[in-house]
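Trainee: Could you take me through one part of this protein in detail? I would like a close look at its enclosed empty space and what surrounds it.

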Amino acid sequence: MVPQVARLWATVLLLASLHKCENAVVSGQQLPAKSSCLSEAGAVFNAPPIQCQPLVACNSEEIIQSYNQLHEKCRINATERLNERENFLRRINYWQGDHQFLYGLIEKAHEPHHYVLDAVNLTQRNVNVIPELNRKLFIYSIEAGRIEDALLLHITHEHRWTPQQIVDAVEDHPEYQVTETVVLHLLEFARGLPLKSTRAELYKALMPLMRRHKHFSSYVNLLYVGDATAVFTAPKEKLEYVGHPYTTVLHSLRNQLRKLQFDFHLWIENKYPRYYGMFLKDIFNFVPELWNTIEKRRLVEIVGMFKTKEHRFQAIEQFLKFARQYNSRDKYSLEKWLPTLAREVDKLSQTVKQTGNHKTEWDRIKKIQDSFKITYYDSRQIYRTYLNTIKVYGKFGKLPMEKNG
């Protein structure tokens, strides 16, 4: 019975001492504001041990001082941890920016290598890549005027494109228009093809292309006709692939002569003299209606603008031919423009003298001079009369009052 009373009494004394310790702490100094700092990062484990003796009041000042020190240290540590977190975030962002910049430099430096790797990968994945690239290079070579390269690619290619495929590829190219220059390059390419049959197929594919893109009145049509004439010999093919295009460009050139517009004629004659000479007689072929209405005194001046002697010879001969054909009984009309033509013959004589004095050319000059005798009443020296007239009176000849005395 006694031990149980003793244990009960001890318990009562312990509870009384604890009650006094709690009252002492509460009644002491003001504690810091409540904070979660002491519950973070293990701060409570650094608290110094505070021992309270049984039945004795706790030392509140010592407990509060220890608590304040611990709280201040915890606050300082929390601030440092916060600053470190913020600084670390800024450093991470800065380093990330550096990495992006450096990666961009490395990527740019290795960009050419990607093309090489892509090319290798393409060739490994698809065996048709190289032939396709060669076809594209072939088309680009034609469009750029690199005809030798285009011919080499075409001749050495295992599976050659047909002429129709070539023309279709040029026409369907999304970055180019079928201009006169592109047609000119196709004509140059056609001239280099070794087989006549291949050239004929290319001309057959080229003619509709020029029609669709309205090049029939262009100089390239004249070049096409000049090249295609030697290829198409059958009457039906010659009419279809040469006759119709030639009619269009010939009408355009004659119409310009009728309007006394010489610039296009002179440009072709200077740039492509062989082709202009091939068709000069057809160009200077006048129907009666045109011959009677055109201003011949100005028309014959085109002779002196030609740079090729042969073209000057042919043009003069054509003018004299039609003068004899249409004006053999119209002396008055001849006197208006034959003096101007006589002056062009005299200029041509000076050119012949300066370029070798060839006998065949002088014989031709003599024949032209004799051809000035057109009407029945003309003397054999009529050429000299016309030449003297224009030297004395100019290209407009004698005025009416001078003729009447």
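Mentor: Happy to! The wall of the largest cavity is made up of Asn134, Arg135, Phe138, Leu153, His154, His157, His159, Arg160 and Trp161. Please keep in mind that we are looking at a predicted model. Rolling a probe the size of a water molecule over the atoms shows where empty space is left. With a threshold of 30 Å³ or more, the count here is one cavity, and the largest cavity holds about 70 Å³ of space.

Now for the helices around that space. Two of them, α4 (129–144) and α5 (147–156), each bring at least two residues to the lining. The top contributor is α4, which provides three residues. As for chemistry, the lining of the largest cavity splits into three nonpolar, four polar and two charged residues. Phe138, Leu153 and Trp161 are on the lining list, and they belong to the nonpolar class. Arg135 and Arg160 also line the cavity, and arginine counts as charged.

Stepping back, here is the setting. The protein has 20 helices and zero strands. Of its 405 residues, 36% count as buried, a label given to residues under 20% relative accessible area. Taking contacts with a separation of 6 or more, 70% of them come from residues 24 or more positions apart. On the outside, the protein exposes about 26,100 Å², and 56% of that area is supplied by carbon and sulfur atoms.

Conventions. Residues are numbered from 1 along each chain as its sequence is written. This is a predicted model: local features need pLDDT of at least 70, side-chain atom pairs count only at pLDDT 80 or more; totals for chains, interfaces and linings use all residues. Side-chain values use heavy atoms; hydrogens and water are left out. Helices (H or I, at least four residues) and strands (E, at least two) are DSSP runs, numbered from the N terminus. Buried means under 20% relative accessible area, exposed over 50%, partly exposed in between (1.4 Å probe, protein chains only). Contact means heavy atoms within 4.5 Å. Accessible areas come from the Shrake-Rupley method with a 1.4 Å probe; for residues, only the protein chains shown count as cover. On a 1 Å grid over the protein atoms alone, a cavity is a set of points where a 1.4 Å probe fits but cannot get out, and a pocket is an open set with protein on both sides within 12 Å along at least five of seven lines; lining residues have an atom within 4 Å of a point. Grid points are joined across faces, edges and corners, and a volume is the space filled by probe spheres set on the points.
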